[in-house]
Amino acid sequence: MISEDNLMKELISLDWDFSDSKTESLHSIHPYPAKFIPEIPRCLIQNLPIPSNTIILDPFCGSGVTLVESQRAGIESIGIDLNPIATLLSTVKTQELSPQFLEIALKVFSKCATYKKGVIIPPIPNLDHWFKKSVQEGITILLTEINKIKDERIANALRFCVSSIIVRVSNQESDTRYAAVENHLERNDVFSLFKLSAEKLWNAKMHNQLEVPSRIINKDSLQLTKADIGKKVGLVITSPPYPNAYEYWLYHKYRMWWLGFDPLEVKESEIGARAHYFKKNHQTADDFIIQMEKLLRSLASLCAKGAFVCFVIGQSKIHGEIIENEKIIANAALKGGLTHIATIKRMIRSGRKSFNLSHARIKEEFIVILQKQ
Ligand SMILES: C[S@@+](CC[C@H](N)C(=O)[O-])C[C@H]1O[C@@H](n2cnc3c(N)ncnc32)[C@H](O)[C@@H]1O
């Protein structure tokens with residue numbers, strides 16, 4: 001068996017930049033900010049020993065990249081995220097797609113294209129600013145047809161497809177630019193884009209039908225309990241939200257409104273949301289330290305002896321001050337009863353940044369490796 005010293009030497013010697021990484025089809029249908037390149041969880045799973053009869057946990061699973069990689073490695077996993085769009089994506093990516101999916105998607109498309117009844121648009125704040133009337137009608141008709149489908153797995157996969165096109169059919173300039181621009185799309189274009197997304201999902205899933213279970217929980221990870229997990233955790237791979245970097249609730253705001261969720265509730269509990277740092281009585285790095293101490297204590301209690309806990313995190317800037325989040329994680333882990341094994345720096349390819357984050361520092365990030373001994 002390889003000694004721990006050699007294991008870490010080997011890990012540190014790997015090239016973690018993965019500069020020629022290409023986005024694979026399953027992860028490119030629906031946008032998600034700051035998602036993992038699959039090579040990171042894959043490499044950690046391949047190189048770190050996992051105690052027997054344990055699961056892999058990602059307490060901030062986002063678009064589900066860790067969970068898909070766990071399935072590919074044949075290991076059971078659990079993913080948690082506060083954002084219902086994240087849990088929808090993770091669920092659809094890790095569940096088997098029904099053989100009837102494409103047929104039903106095409107039926108929904110034809111029904112929508114010939115829909116003649118009146119349309120009642122749901123009350124969503126500021127809707128006319130962001131969506132043309134004809135587009136509002138298109139989305140409403142699609143969701144009305146999808147909500148009639150009894151098979152929840154198929155309905156969720158179809159909601160995933162609607163969610164994937166929301167920004168594309170809106171007046172928003174792009175996923176990362178929150179300006180309203182002129183939009184030439186009509187009601188039928190919404191249906192065509194939905195159909196295209198369903199075909200992409202079908203093609204991607206045909207090469208990714210994996211039977212290993214993955215359970216997804218929509219919850220605030222700071223409120224995690226042993227009962228939520230049920231089994232011992234043998235490996236944690238996660239990239240946490242961190243102060244003043246991305247705002248996941250804002251990015252998915254209209255996706256949530258359309259699918260019947262309340263983005264403002266998500267904003268309240270979202271760790272790191274910019275709004276928490278720029279209002280009166282704003283949060284500081286100390287709030288993030290308290291949150292991470294709580295989280296790492298609870299992760300330590302869920303882990304089996306020997307389990308590794310890996311956090312991938314960048315630095316941030318709050319009111320001009322650089323916050324070394326990787327050090328905050330390592331210190332919080334020590335307090336929680338975990339041992340700091342190594343911190344590895346990796347460079348992020350500039351084209352991969354999904355936002356103009358001049359207020360954050362994300363040219364590089366760190367992989368902090370901890371262990372329960
Ligand atoms: C860096 S992203 C994770 C991306 C993920 N690794 C992927 O590959 O898609 C951080 C995630 O933390 C989630 N999050 C923020 N605050 C949370 C909280 N209190 N509890 C659970 N999840 C939270 C966000 O919704 C976001 O999906």
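Domain bounds, as used on this tour, come from an automatic or database domain assignment, and the structure you have open is a predicted model.

**Stop 1: the two domains**

Begin by colouring the protein chain by its domain assignment, which gives domain 1 as residues 4-82 + 211-247 + 263-371 and domain 2 as residues 101-206. If you place a marker at the C-alpha centre of domain 1 and another at that of domain 2, the markers will lie 31 Å apart. Next, turn to the place where the domains meet, where 7 residues of domain 1 are in contact with 11 residues of domain 2. Between them, domain 1 and domain 2 bury about 800 Å², and 72% of this area is on carbon and sulfur atoms.

**Stop 2: helices α6 and α10**

Now select helix α6, residues 101-113, together with α10, and you will find that they pack at an angle of about 175° with their axes 10 Å apart. An angle over 145 degrees counts as roughly antiparallel, and α6 is therefore roughly antiparallel to α10. To see the contact, show the side chains of α6, including F101, L102, L106 and F109, and those of α10, including F191, F194, L201 and W202. The residues of this contact between α6 and α10 divide into 13 nonpolar, 2 polar and 2 charged.

**Stop 3: helices α9 and α10**

Keep helix α10, residues 187-206, on display and add helix α9, residues 152-169, which packs with α10 at an angle of about 130°, the axes being 9 Å apart. Because of this angle, α9 and α10 are oblique to each other, and their crossing is right-handed. Among the residues that make the contact are F160, V162, I165 and R168 of α9, and on the side of α10 you can select V190, L193, F194 and A198. Sorted by kind, the residues of the contact of α9 with α10 are 12 nonpolar, 2 polar and 1 charged.

**Stop 4: helices α3 and α4**

Finally, select helix α3, residues 39-47, and helix α4, residues 65-72, whose axes come within 9 Å and cross at roughly 40°. This crossing angle makes α3 oblique to α4, and α3 passes α4 in a right-handed crossing. The contact is made by P41, R42 and I45 of α3 and by V65, T66, E69, S70 and R72 of α4, so you may wish to show these side chains together. What kinds of residue make up the contact of α3 with α4? They divide into 3 nonpolar, 2 polar and 3 charged.

Key
Residues numbered from 1 in each chain as written. Predicted model: local features only at pLDDT ≥ 70, side-chain atom pairs only at ≥ 80, totals over all residues. Heavy atoms only, no water. Axes fitted to C-alpha atoms, helices over the stretch in contact; angles between N-to-C directions. Helix = DSSP H or I, 4+ residues; strand = E, 2+ residues; numbered from the N terminus. Parallel < 35°, antiparallel > 145°, perpendicular 65-115°, else oblique. Left-handed = near helix turned anticlockwise from the far one by under 90°. Contact = heavy atoms within 4.5 Å. Nonpolar A, V, L, I, M, F, W, Y, C, P; charged D, E, K, R; others polar. Buried area = accessible area lost by both parts, 1.4 Å probe.
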